[in-house]
Amino acid sequence: MSRAPIARGTAAILLASALAGCGINSIPTAEETAKARWADVQNNYQRRADLIPNLVATVKAAGAQEKDILVQVTQARSAANSVQVSAADLSDPAKMEQYQRVQGAVGVSLQRLQEAYPELKSQGNYTTLMSQLEGTENRITIARRDYNGAVQAYNTKIRTFPDAVGAKIFYGAKPMVPFAATTPGAETAPTVNFGNAS
């Protein structure tokens, strides 16, 4: 039996092992993992940009409706307190009619408040908004951390032996940049403003 086929087989196995050890598959895998983690960061930024303004608008609308009802009750109560009837006024039909009218307005306002009470949701909406804000920012933080971890793994792989050999020869790999909080733009969390003067 000839040694040449055995030598070629051994050489092929050694070459395959060397290529596998040089990051022929692990470099692109690490790079794609880092790119996927960056896509997760961008996805969470988009989720925040889509979700938060809609939640704020919902909370503001519900709060405005409830404010209107509460303002009407307060005004009716104030008007009722401004009309005083003394013992001497009990025989004055105009004074008694005015008193009954403002007291009736308070009753109507309180009835509207009572009817709307099951629908008064602004407190729950504020609680939901706060929970969503916190959850969204947590998702972004986790996505950034995962991206930075994937970048670190990729950068370590392309700079350490034996993967560094394949990274340079086959891919011309360059280190990726981790997320840094100095970039202006979409990375800045939106300010939640309900139109109140600060």
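This report walks through a predicted model of a single chain, from its overall layout down to particular side chains.

**Overall layout**

Let's start with the big picture. The chain has five helices and zero strands, so there is no sheet to trace by the chosen rule for helices and strands. Reading along the sequence gives the pattern α-α-α-α-α. Of the 198 residues, 25% count as buried. The accessible surface comes to about 13,400 Å², and carbon and sulfur atoms hold 57% of that area.

How much of the contact set comes from residues 24 or more positions apart? Taking the contacts with a separation of 6 or more, such pairs account for 81%. A few of the places where distant parts of the sequence meet are worth a look below.

**Where α2 meets α4**

A search of the whole structure turns up one aromatic pair. The partners are tryptophan 38 and tyrosine 147, with 5.0 Å from centre to centre and 55 degrees between the planes. That geometry makes the pair tilted, because the label edge-to-face is kept for planes over 60 degrees apart and stacked for those under 30. Tryptophan 38 sits in helix α2 (residues 26-82) and tyrosine 147 in helix α4 (residues 122-159), so the pair ties together parts that are 109 residues apart in sequence.

Is each partner buried or partly exposed? Tryptophan 38 has 25% relative accessibility and counts as partly exposed. Tyrosine 147, at 8%, counts as buried.

Valine 56 is another α2 residue to look at. Its relative accessibility is 10%, so valine 56 counts as buried. The C-alpha atom of valine 56 is separated by 7.1 Å from that of leucine 129, although the two residues are 73 apart along the chain.

Asparagine 44 is in helix α2 as well. With a relative accessible area of 11%, asparagine 44 is buried, despite being a polar residue. What does its side chain reach at 2.9 Å? The answer is the backbone oxygen of aspartate 40. Leaving out residues up to four places away in sequence, asparagine 44 touches Arg139, Ile140 and Ala143.

**Charge pairs along α2**

Side chains of opposite charge can pair when their charged atoms come close. The count here comes to six salt bridges, and the table covers some of them, with the distance between the closest N and O atoms.

| Salt bridge | Closest N and O atoms |
|---|---|
| Glutamate 31 and lysine 35 | 3.7 Å |
| Glutamate 32 and lysine 35 | 3.7 Å |
| Arginine 37 and aspartate 40 | 3.1 Å |

The spacing is easy to follow on the helix. Glutamate 31 and lysine 35 both lie in α2, four residues apart, which is about one turn of the helix. Glutamate 32 and lysine 35 are also both in α2, three residues apart, again about one turn. Arginine 37 and aspartate 40 are separated by about one helical turn, because they are three residues apart in helix α2. Turning back to the bridges that share partners, these join Glu31, Glu32 and Lys35 into one network.

How accessible are these charged residues? Glutamate 31 is partly exposed, with a relative accessible area of 26%. Glutamate 32 counts as partly exposed at 45%, and lysine 35 as partly exposed at 41%. In the other bridge, arginine 37 is partly exposed with 26%, and aspartate 40 counts as partly exposed at 33%. Aspartate 40 thus has two roles in this picture: its salt bridge is with arginine 37, and its backbone oxygen is reached by the side chain of asparagine 44.

**A nonpolar patch on the surface**

Further along the chain, Phe161, Val165, Ile169, Phe170 and Tyr171 make a nonpolar surface patch of about 540 Å². Where does valine 165 lie? Its place is in helix α5, which covers residues 163-171. Valine 165 is partly exposed, with a relative accessible area of 31%. That value qualifies valine 165 for the patch, because patch residues need over 30% relative accessible area.

Methods
Residues numbered from 1 in each chain as written. Predicted model: local features only at pLDDT ≥ 70, side-chain atom pairs only at ≥ 80, totals over all residues. Heavy atoms only, no water. Helix = DSSP H or I, 4+ residues; strand = E, 2+ residues; numbered from the N terminus. Buried < 20%, exposed > 50% of the residue type's maximum accessible area, 1.4 Å probe, protein only. Contact = heavy atoms within 4.5 Å. Areas by Shrake-Rupley, 256 points an atom, 1.4 Å probe, with all protein chains shown as cover. Phe/Tyr/Trp six-rings, centres within 6.5 Å; stacked < 30°, edge-to-face > 60°. Patch = residues over 30% accessible without salt bridge, like charges linked within 9 Å, V, L, I, M, F, W, Y side chains within 5 Å. Salt bridge = Lys/Arg side-chain N within 4 Å of Asp/Glu carboxyl O. Polar contact = N/O pair within 3.5 Å; in protein donor to acceptor, adjacent residues only side chain to side chain.
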